Amino acid sequence: MSLYPTLEDMKVSNMMQAQAQYTPAPTYQQQQPQRVDNYPSLPPMYTSTEVTPAAASNGALYPTVGDYMGLSLRDFTPPSQGSAPATGRDTRSESMVVAPVSRVNMVAIKRSMIKPGVSEVTLCKDEKGLVGMRVRAIDKGIFVQFVAKDSPAAQGGVRFGDQLLSINDELLAGYSEDKVHKVLKKCGVNGIRVAVRERPFERVVTLTKDSGGITGFGFKDGRITEIVKDSSAARNGLLIDHQLVELNGVNVIGLKDSKVKEMLVDAPQVVTLTIMPVPIYNHMIKKMGSSLFKTMDHSVPDC
């Protein structure tokens, strides 16, 4: 089953497939016979010409992809038509991502992706003996509350909202924040193995700017407060009362709204938002000092 980053990708892909599958029937035009000296007149000759979909029925047989849903798509080239993926089995591992619109910013999409499963991160300590992160205990689990800029945790790819399952094979389920910090403190300088489940409370929504550069949502203090009707935000299921956590994979927690809006303006046509329900976000940052927001890691993560 094909997967699409946005609803726009799905609609445009369907239109492209419909246009590619249309095979016009040839018609024939009669040419006037030409006389050749000393020979009788030649019989009429016919040449094959194709009728294009635009010429059929005095209009387009299918909708064009030049302009769709307020998007300017005239510079997009349809992807090569290969064999169609099999359908009927909803198997994620066999899915194929189709992105005729969003491929202009696939780097950001990959950067924002929340991968399923568990991975292991190896960390070290800095000259102060710190790994550069703080945790929060929620529902018997341990989650990353803060990642310091330029810290070993930031360089190792740890992100806000990640769930820590174990440290050097010591399971953390049911631990308090203080107990986890004590576990980290007693670890050696190098080779700190951390089992991580990526950001289970967060989800990623991909939006496409319209011809005016609008994605169609408003926010205050990072909290999404409004969705514009018939916008990309509305079409792709963005919800209010969710907190902006990342923009194109870059952490925006602690940034002023003016800075985030500037990042949105400078972003490519396709934008990825990583969001979290506000109640969970508020619980996640509880007891977090204002000074920590100023030193939060905002680096661009690796894909």
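**Pocket, strands and contacts in a predicted model**

The second largest pocket holds about 550 Å³ of space. Of the 30 residues that line this pocket, G156, G157, V158, R159 and P301 are the closest to its centre. Several elements contribute to the wall. Helix α2 (106–112), strand β7 (118–123), helix α3 (152–155) and strand β17 (250–251) each supply at least two residues of the lining. By class, the lining of the second largest pocket comprises twelve nonpolar, ten charged and eight polar residues. The structure is a predicted model, and every value given here is computed from it. In general, empty space is located by rolling a probe the size of a water molecule over the atoms.

Helix α2, one of the elements in the pocket lining, also contains V107. The relative accessibility of V107 is 47%, so this residue counts as partly exposed. Exposed residues need over 50%, and buried ones under 20%. V107 has a distant sequence partner in G249. The two are 142 residues apart in sequence, yet their C-alpha atoms are 9.4 Å apart in space.

Strand β7, which also supplies lining residues, pairs with strand β12. The two strands are antiparallel and share six bridges. Within this pairing, S119 has V196 of β12 as its bridge partner. Strand β12 pairs with strand β10 (residues 163–167) as well. That pairing is also antiparallel, with four bridges. Here S166 is bridged to A195 in β12. Strand β12 thus has two partners described here, β7 and β10.

Strand β12 (192–197) is followed by a loop that leads to β13 (203–208), and R199 lies in this loop. R199 is not a glycine, but its phi is positive, at about 35°. Most residues other than glycine have a negative phi. The relative accessible area of R199 is 1%, and this residue is therefore buried.

A second loop residue gives a contrast in exposure. D230 lies in the loop between β15 and α5 (232–235). Its phi is positive too, at about 65°, although D230 is not a glycine. D230 has a relative accessible area of 59%, so it is exposed. R199, by comparison, is buried.

Two hairpins were examined. In one, strand β8 (residues 133–138) pairs with strand β9 (residues 141–147). The strands are antiparallel and are joined by six bridges. R136 has F143 in β9 as its bridge partner. Two residues lie between the strands of this hairpin, and D139 takes a positive phi near 50°.

In the other hairpin, strand β14 (residues 217–220) meets strand β15 (residues 223–227). These strands run antiparallel, with four bridges between them. F219 stands opposite I224 in β15. Again, two residues separate the strands, and D221 in the turn has a positive phi of about 55°.

F219 also takes part in a contact with a charged side chain. K261 lies over the face of F219, 5.8 Å from the ring centre. A further contact of this kind involves Y175. The charged end of K179 sits over the ring of Y175, at 4.2 Å from its centre. Pairs between aromatic rings were counted as well. The count comes to three aromatic pairs. Such pairs are described by the distance of the centres and the angle of the planes.

Two helix residues complete the account. V12 lies in helix α1 (residues 7–21). With a relative accessible area of 2%, V12 is buried, because the cut-off for buried residues is under 20%. V12 and P100 are 88 residues apart along the chain, and their C-alpha atoms are separated by 7.0 Å.

F293 is placed in helix α8 (residues 290–294). Its relative accessibility is 18%, so F293 also counts as buried. The C-alpha atoms of F293 and V252 are separated by 9.9 Å, while the two residues are 41 apart along the chain.

How values were computed
Residues numbered from 1 in each chain as written. Predicted model: local features only at pLDDT ≥ 70, side-chain atom pairs only at ≥ 80, totals over all residues. Heavy atoms only, no water. 1 Å grid on protein atoms, 1.4 Å probe; cavity = no way out; pocket = protein on both sides within 12 Å on 5 of 7 lines; lining within 4 Å. Points joined across faces, edges and corners; volume = space filled by probe spheres on them. Nonpolar A, V, L, I, M, F, W, Y, C, P; charged D, E, K, R; others polar. Pairing = 2+ DSSP bridges. Phe/Tyr/Trp six-rings, centres within 6.5 Å; stacked < 30°, edge-to-face > 60°. Lys NZ or Arg CZ within 6 Å of the ring centre and 35° of its normal. Buried < 20%, exposed > 50% of the residue type's maximum accessible area, 1.4 Å probe, protein only.
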